[in-house]
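Please open the model in your viewer and set a cartoon representation with residue selection enabled. The tour below proceeds by selection, one element after another.

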Amino acid sequence: MPTHKRQKLQSESAPKHLIINAFDMMCPSLQTAGLWKHPKDKSRDYNTIEYWTNLAQLLERGKFNALFIADVLSGYDVYNGPRNFDAAARSGAQFPINDPHAVIPAMAAVTKNLSFAVTSSTITEAPYHFARRLATLDHLTKGRIGWNIVSSYLDSSARNVLNGANLPDHDERYDKAQEYLEVVYQLFLSSWADDAVELKNGVFTNPKKVREINYEGKYYTVPGPSNYRTNSSKVASYFTSWCFYKRFGVCC
């Protein structure tokens, strides 16, 4: 048998590793509204640090690869609406909901191998500010962090973060999100050299190895430089999901 065919057969017969991720939200009810009423359900404790550290340790013992925490910026107000939050409030359907970024360092501190991914919308805050948040999580988790990139789909969210304006249409959100990612990407990859922090001869950071990015787009103008750094060799993984969404059009 030719060598290339033998190698192909060996590759196809090699065992494949199954990646197992858990899914949660920082709220009383994720997809099963009302389950919090069951006496053994723990989701009502979503706003305690112990809920999340216990969950992280449980997942690591169970050999899970990662915990994905979804997020929305506001409540569902369409049923019997408009702008009616009654049903969501009564059932606890993703309402109330806390900021998932805050609990990731605590979970990272009690685990060694479990990774984390969090949803963050491109309409929430300036890309410069968000890049700083993500870089901080990258350091505190020792690289065990991922970003689920969305551009939002709830008008209730837009009204609260866009000065009362309605959510822009799909194409405009995507165009703006594309620029948002370009800014974050350049802040991570182009602003700091990997060896900028020297810690020798009385110099912490070599200023010649930190530069501005001078990004100018339709929606964002960000000169830089960033005042944070991350492991640039790992940054590309943050953006994999967006490439998929852009190609197949399933981003919310």
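Select strand β3, residues 115–121, in this predicted model. Of its 7 residues, 5 are buried, so the strand is largely enclosed by the rest of the structure.

Next, add strand β2, residues 66–70, to the selection; β2 and β3 run parallel and are joined by 4 bridges. To locate the pairing, display F68, whose bridge partner in β3 is A117.

Then add strand β4, residues 145–150. Strands β3 and β4 also run parallel, with 6 bridges between them. Here F116 is the residue to display, as F116 stands opposite I145 in β4. To follow the connection, select helix α5, residues 127–140: the chain passes from β3 through α5 to β4. This β-α-β crossover is right-handed.

Now move to helix α2, residues 49–61. Does the distance between its ends agree or disagree with the span expected at 1.5 Å a residue? The 13 residues should span 18 Å, and the end C-alpha atoms lie 19 Å apart, which agrees.

Within α2, show the side chains of the buried residues: Y51, W52, T53, L55, A56 and L59. To see what these buried residues pack against, select β1 (21–25), β2 and α4 (104–109). Strand β2 thus appears at two stops of the tour: it is joined to β3 by bridges, and the buried residues of α2 pack against it.

Finally, select K63, just after α2, and inspect its backbone: K63 takes a positive phi of about 70 degrees.

Definitions and conventions:
Residues numbered from 1 in each chain as written. Predicted model: local features only at pLDDT ≥ 70, side-chain atom pairs only at ≥ 80, totals over all residues. Heavy atoms only, no water. Buried < 20%, exposed > 50% of the residue type's maximum accessible area, 1.4 Å probe, protein only. Pairing = 2+ DSSP bridges. Right-handed = clockwise from strand over helix to strand, strands pointing away. Expected span 1.5 Å × (residues − 1). Contact = heavy atoms within 4.5 Å.
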